[in-house]
Amino acid sequence: MTITKQRNVSVELLRVIAMLMVLGLHANFMSFAIPTATNVLSFNGIFRVFMEAICYVAVNTFVMISGWFGIKATIKGFSNFMWQVIYVVGLLFIIGVLFFNVPANIYNILGILGLYGGGGWFVAAYIGLYILSPVLNAYIKNTPNKNIALFLIAFFSFQFIWGNTHSVVFIGNGYSTFSFIGIYILAGLLRKCNDEDNSIMKYFRGGTFILTVIINTILYVVGCRLQLIALMSYTLNYINPLVILGAASLLVTFAGKPESFLQKGILRNFILWLSASCFAVYLLHVGMSWALLKYCEGVQAIYDKYSAFSGFAMAMILLYMISVFILAILIDQPRKFLWRKVISKLLK
């Protein structure tokens, strides 16, 4: 994910947090059944919905970070992105064949290249965004802010209405390059506003994120309690404007955060080290279907073992998530070394 601006350590910290949120997202509703109408008003039910609402901004936030910096589409940058996909998904493929009875068929082999769902849906959607990024960058740079804002109002309105009625297939509830285009442009607009006149940025501070989470939690709980399936579906959804607004609020909050305590020393280097590999965290537990299944089974096993002590069970699940995160970071280090010492030199 090549960027054009100098790395902002606060934003890189947000990148790390967003990836932890992805782990949290998959450790909640995906690992367990969603709360039911009978238990959603319990403390456990409301807490799970609240955490889901917090984590649901993760993917949009991750893409917005690319929009904030601006992708610099180069052969070398794209090769680096694909090398990470090939490295991690290829490793998952080998492990799957050797230990989990994954068939070595053409679909799984091509999945190493991000095809047929290899690397998860995000890889294909991001490749599409990468290809379009020079056009999007030029549009953001050369179009007046007011015109971009009007475009985004129309874009997000269309996406929400047509996407939630499934009138078209290319929106895909936000799992698509089409949706990435909108949030990429939004992040670029916010960056322009911040550079030119940051007075509007106060409306996107952290309080806005908390407000969107609370509203989405209430809407989902009400929908679940009254069995309003449509309301539940509209709420925890990547194309929900409140989810998009929440991601924008997080981005602006971190991008505008004073960095004096992060700019120097070990903490800064540690954050940059983590952020350079955090996409490997996504790939390691989502890169092949068996990996996501095993990740969710691990969460379920921990909860089943400690379910009598729910607070302790949550702590153990958090520790499990952090362990998966650290494992992915460590696994990614040989990939980075090979890129620096061998592969990148071949592309000069």
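Contact here means that heavy atoms lie within 4.5 Å of each other. The structure used in these exercises is a predicted model.

**Exercise 1. Surroundings of Gln159**

Task: State which helix holds Gln159, decide whether Gln159 is buried or exposed, and list which residues Gln159 touches beyond four places in sequence.

Solution: Begin with the location, since Gln159 belongs to helix α7, which runs over residues 145–164. Next take the accessibility: the relative accessible area of Gln159 is 1%, and because the cut-off for a buried residue is under 20%, Gln159 is classed as buried. Finally, with residues up to four places away in sequence set aside, the contacts of Gln159 are Asn164, Ile171, Phe178, Ser179, Ile239 and Ile244.

**Exercise 2. Helix α13 and Ala291**

Task: Find how many residues of helix α13 are buried, which helices those buried residues pack against, and which residues Ala291 contacts.

Solution: Helix α13 covers residues 279–286, and eight of its eight residues are buried, so that the helix is mostly covered. The buried residues are Phe279, Ala280, Val281, Tyr282, Leu283, Leu284, His285 and Val286. Their packing partners are α1 (9–26), α3 (58–69), α4 (75–99), α6 (121–142), α14 (289–306) and α15.

One of these partners, helix α14, contains Ala291, which is buried at 6% relative accessibility. Once neighbours within four places in sequence are left aside, Ala291 is in contact with Leu92, Leu284 and His285, and both Leu284 and His285 are among the buried residues of α13. A further step compares sequence with space: Ala291 and Val89 are separated by 202 residues along the chain, while their C-alpha atoms are 9.9 Å apart.

**Exercise 3. Salt bridges within helices**

Task: State how many salt bridges a search of the whole structure finds, then examine the Arg15 and Glu12 pair, the Asp195 and Arg191 pair, and the Asp332 and Arg335 pair in terms of distance, spacing and burial.

Solution: The search of the whole structure gives four salt bridges. As background, side chains of opposite charge can pair when their charged atoms come close.

- In helix α1, Arg15 and Glu12 are three residues apart, about one turn of the helix, and their side chains form a salt bridge with an N to O distance of 2.9 Å. Arg15 is buried at 7% relative accessible area, and Glu12 is buried at 1%.
- In helix α8 (residues 177–196), Asp195 and Arg191 are four residues apart, again about one turn, and the closest N and O atoms of their salt bridge are 3.4 Å apart. Asp195 is partly exposed at 48% relative accessibility, whereas Arg191, at 19%, counts as buried.
- In helix α15, Asp332 and Arg335 are separated by about one helical turn because they are three residues apart, and their salt bridge has an N to O distance of 2.7 Å. Asp332 is buried at 0% relative accessibility, as is Arg335 at 4%.

**Exercise 4. Two surface patches**

Task: Identify which residues form the positive surface patch and which make the nonpolar surface patch, and say what helix α15 gives to the positive patch and where Leu318 lies.

Solution: The positive patch consists of Lys76, Arg340, Lys341, Lys345 and Lys348. Helix α15 (residues 310–346) supplies three residues, the largest share of that patch. Lys345 is located in α15 and is partly exposed, with a relative accessible area of 49%.

The nonpolar patch, of about 830 Å², is made by Leu20, Ile266, Leu267, Phe270, Trp273, Leu318, Ile322, Ile326 and Leu330. Helices α12 (265–275) and α15 are the elements that give two or more residues to this patch. Leu318 lies in α15 and counts as partly exposed at 46% relative accessibility.

**Exercise 5. Positive phi values**

Task: For Asn101 and Gln227, state what the phi angle is, then where each residue is placed.

Solution: The background is that most residues other than glycine have a negative phi. Asn101, although not a glycine, has a positive phi of about 60 degrees; Asn101 sits in the loop between α4 and α5 (106–111) and is exposed at 74% relative accessibility. Gln227, likewise a residue other than glycine, has a positive phi near 60 degrees; Gln227 is placed in the loop between α9 (206–225) and α10 (229–235) and counts as exposed at 60%.

Terms used:
Residues numbered from 1 in each chain as written. Predicted model: local features only at pLDDT ≥ 70, side-chain atom pairs only at ≥ 80, totals over all residues. Heavy atoms only, no water. Patch = residues over 30% accessible without salt bridge, like charges linked within 9 Å, V, L, I, M, F, W, Y side chains within 5 Å. Areas by Shrake-Rupley, 256 points an atom, 1.4 Å probe, with all protein chains shown as cover. Lys, Arg positive; Asp, Glu negative; His and termini not counted. Charge placed at Lys NZ, Arg CZ, Asp CG, Glu CD. Buried < 20%, exposed > 50% of the residue type's maximum accessible area, 1.4 Å probe, protein only.
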